[in-house]
Amino acid sequence: MMELFAEALGWLGYLERSQVAAQVGLIVLIAAGAHLLQQPLLRRRVPRLLRALIGPTVAAVMILILQQHNHASGLMRFLTAAWLGWVLLLFLERGLLRLLPPQRVHELLSRLLRPLYLLAILLLLINRLDSLQDLAVISVGQFFGTPLTLGKLFSSLLVSYLLLIGSGPPAAMVAWMLQKLIGYSDGSRKALELIIRYAVVGVGITAVGFQIGLNTTALVAIAGGLSVGLGFGIKEVFSNFISGIWLLFEGSVRPGEVLMLDGDPCEVRRLGLRATLLWRDRDNAELLIPNQMFFTAQATTYTASDRMRRSEIRIGAAYRHDPRSVIQLLEDTARSVPRVLDHPAPRALQVAYGDSAITYSLRYWIANPMDNIGIISEVNQAIWVAFRRESIEIPFPQQVNTILAPPQPKDRPDAPETTAATPH
């Protein structure tokens with residue numbers, strides 16, 4: 001490691017040269033000026049791609065000026081080319097958005113293309129300052145008794161990163177082709193995609209271990225350590241992993257499905273290997289639920305076979321109103337609400353005789369379970385308007401207080417024989 005530090009200190013001598021420092025300072029000033037141009041007013045008037053080209057264009061003009069005056073401009077040419085390549089990734093992003101969903105494009109650029117581009121620029125810059133071949137043979141220590149050089153360490157980390165990030169699209173393509181041939185469900189396709197991906201990652205990391213020079217004994221020791229970790233430290237993670245695979249194959253919990261969680265309807269947004277992401281509408285909250293919970297706790301779904309849900313409202317009306325008229329009015333009122341389905345038709349029932357009113361139940365169907373609370377509010381408001389229009393009373397609770405006269409001796413001639421009740 002001391003050898004690597006010595007090489008890095010040698011790079012500082014190159015950067016301390018006046019001509020190199022001037023080029024770095026000039027490119028920094030141009031970048032700062034380009035950043036100041038990203039003002040809201042300019043953003044509204046100038047397209048994003050055109051604004052991104054302002055900085056590299058100014059840098060290219062400065063390079064021409066330096067060359068005309070016979071000043072060094074090699075480092076500035078390299079940095080300007082790297083800047084221009086970064087801008088070209090924006091054009092690539094626009095093209096990919098026409099072919100892929102925005103989320104996929106964002107993941108592809110942020111996790112794969114942009115990191116790899118920055119890594120390539122860093123390696124080219126280091127190669128200008130030093131020799132990559134000389135740096136690759138620098139020893140950084142030992143791993144399970146195997147000497148490890150900087151080149152082997154870097155290549156192993158790079159291949160592992162590419163396996164973890166870059167294996168997704170090929171695995172998705174293989175799973176999609178098998179789905180077309182066999183005809184299994186989308187949940188099974190997603191599960192097969194993850195199994196293929198992690199199988200490739202496992203085989204790839206094993207190959208990286210052999211490439212580093214690890215022997216079979218070292219690999220067995222690593223596997224043994226992982227098994228101990230599974231048994232003690234990360235058994236819950238492993239349990240959630242297996243539960244996620246099973247849920248994907250079973251298809252009982254799918255993205256877009258609506259589940260009841262603590263009395264609130266929640267929509268499944270994403271089914272991961274460790275946890276399931278749910279979205280709760282009432283407060284726009286995202287909930288991460290461990291996968292194994294769906295195997296140990298009861299869950300209610302409104303979208304297993306279809307997305308329709310039956311909702312119910314109970315309301316009381318005074319005894320003096322004809323129940324048949326009230327039932328008809330409730331059904332007509334429910335039909336007038338736009339988001340209440342006509343088929344199955346709304347139905348009102350007389351369900352109980354209360355102390356102060358007759359209780360009615362209005363049952364109707366809606367298309368989306370996530371809209372239940374909002375539709376209940378709309379139906380309640382429509383019922384209030386209809387009852388007021390038809391002069392149907394929703395009575396307050398009523399009580400009858402009976403006042404009993406104190407008992408009188410029977411031998412008194414004026415003793416009352418009955419009690420009086422006073423209604424209120």
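The following exercises, each with a worked solution, concern a predicted model of a protein.

**Exercise 1. Overall make-up**

Task: State how many helices and strands there are in the protein, and what share of its residues count as buried.

Solution: Begin with the elements: the protein has 15 helices and ten strands. Next, turn to burial: of its 424 residues, 30% count as buried. Finally, consider the contacts between residues with a separation of 6 or more: 61% of these are accounted for by residues 24 or more positions apart.

**Exercise 2. An open sheet**

Task: Determine the order of the strands in the open sheet of five strands, and identify the edge strands.

Solution: Strands of a sheet pair through backbone hydrogen bonds, either parallel or antiparallel. In this open sheet, the order is E6-E5-E4-E3-E7, and the pairing is antiparallel. The edge strands are E6 (285–290) and E7 (300–301), each of which pairs on one side only.

The pairs may now be taken one at a time.

- Strand E5 (residues 275–280) pairs with E6 over six bridges, and Arg280 stands opposite Ala285 in E6.
- E4 and E5 run antiparallel and are joined by five bridges; Leu271 has Thr276 in E5 as its bridge partner.
- Strand E3 (residues 258–261) pairs with E4 over four bridges, and Leu261 stands opposite Asp264 in E4.

The last of these pairs, E3 and E4, forms a hairpin with two residues between the strands. In the turn, Asp262 has a positive phi of about 55 degrees. As for burial, E4 is mostly covered, with six of its eight residues buried.

**Exercise 3. The largest pocket**

Task: Describe the volume of the largest pocket, the elements that supply its lining and the kinds of residue found there.

Solution: The volume of the largest pocket is about 1300 Å³. Its lining consists of 35 residues, and the closest to the centre are Arg104, Glu107, Lys190, Glu193 and Arg197.

The next step is to ask where the lining comes from. At least two residues each are supplied by helices H6 (102–129), H8 (150–166), H9 (168–182), H10 (186–212) and H12 (235–250), and by strand E4 (264–271). H10 gives the most, with nine residues.

The last step is to sort the lining by kind: 19 residues are nonpolar, four are polar and twelve are charged.

**Exercise 4. Unusual backbone angles**

Task: For Asn284 and Ser391, give the sign of phi, the location and the exposure; then describe the peptide bond from His343 to Pro344.

Solution: The background is that most residues other than glycine have a negative phi, and most peptide bonds are trans.

Asn284 has a phi near 55 degrees, a positive value in a residue other than glycine. Asn284 lies in the loop between E5 and E6. Exposed means over 50% relative accessible area; Asn284, at 57% relative accessibility, therefore counts as exposed.

Ser391 is not a glycine either, yet its phi is positive, at about 60 degrees. Ser391 is found in the segment after helix H15 (372–389). With 55% relative accessibility, Ser391 counts as exposed.

The peptide bond from His343 to Pro344 is cis, with omega near -5 degrees. Pro344 belongs to the loop between helix H14 (323–336) and strand E9 (347–353).

**Exercise 5. Nonpolar cores**

Task: Identify the residues with the most contacts inside the largest nonpolar core, and the elements that give two or more residues to this core.

Solution: In soluble globular proteins, nonpolar side chains tend to be buried together. The largest nonpolar core here has 22 residues, and those with the most contacts inside it are Leu330, Tyr360, Leu362, Tyr364, Val379, Ile383 and Phe387. Strands E8 (309–317) and E10 (358–366), together with helices H14 and H15, each give two or more residues to this core. Apart from this core lies another, of 16 residues, including Val253, Leu261, Ala285 and Leu287.

Leu362 serves as an example. Leaving aside its neighbours within four places in sequence, Leu362 is in contact with residues including Ile313, Leu330, Val379 and Ile383.

**Exercise 6. One buried residue**

Task: Explain why Ile358 counts as buried, and state how far Ile358 is from Ala317 in sequence and in space.

Solution: Ile358 lies in strand E10. Buried means under 20% relative accessible area; Ile358 has 3%, so this residue is buried. Ile358 and Ala317 are 41 residues apart in sequence, but 5.5 Å apart in space, C-alpha to C-alpha. Beyond its neighbours within four places in sequence, Ile358 is in contact with several residues, among them Ile315, Ala317, Pro323 and Tyr353.

How values were computed
Residues are numbered from 1 along each chain as its sequence is written. This is a predicted model: local features need pLDDT of at least 70, side-chain atom pairs count only at pLDDT 80 or more; totals for chains, interfaces and linings use all residues. Side-chain values use heavy atoms; hydrogens and water are left out. Two strands pair if DSSP finds at least two bridges between them. On a 1 Å grid over the protein atoms alone, a cavity is a set of points where a 1.4 Å probe fits but cannot get out, and a pocket is an open set with protein on both sides within 12 Å along at least five of seven lines; lining residues have an atom within 4 Å of a point. Grid points are joined across faces, edges and corners, and a volume is the space filled by probe spheres set on the points. Ala, Val, Leu, Ile, Met, Phe, Trp, Tyr, Cys and Pro count as nonpolar, Asp, Glu, Lys and Arg as charged, and the others, Gly among them, as polar. Buried means under 20% relative accessible area, exposed over 50%, partly exposed in between (1.4 Å probe, protein chains only). A nonpolar core is a set of buried Ala, Val, Leu, Ile, Met, Phe, Trp, Tyr and Cys residues joined through side-chain atoms within 4.5 Å. Contact means heavy atoms within 4.5 Å.
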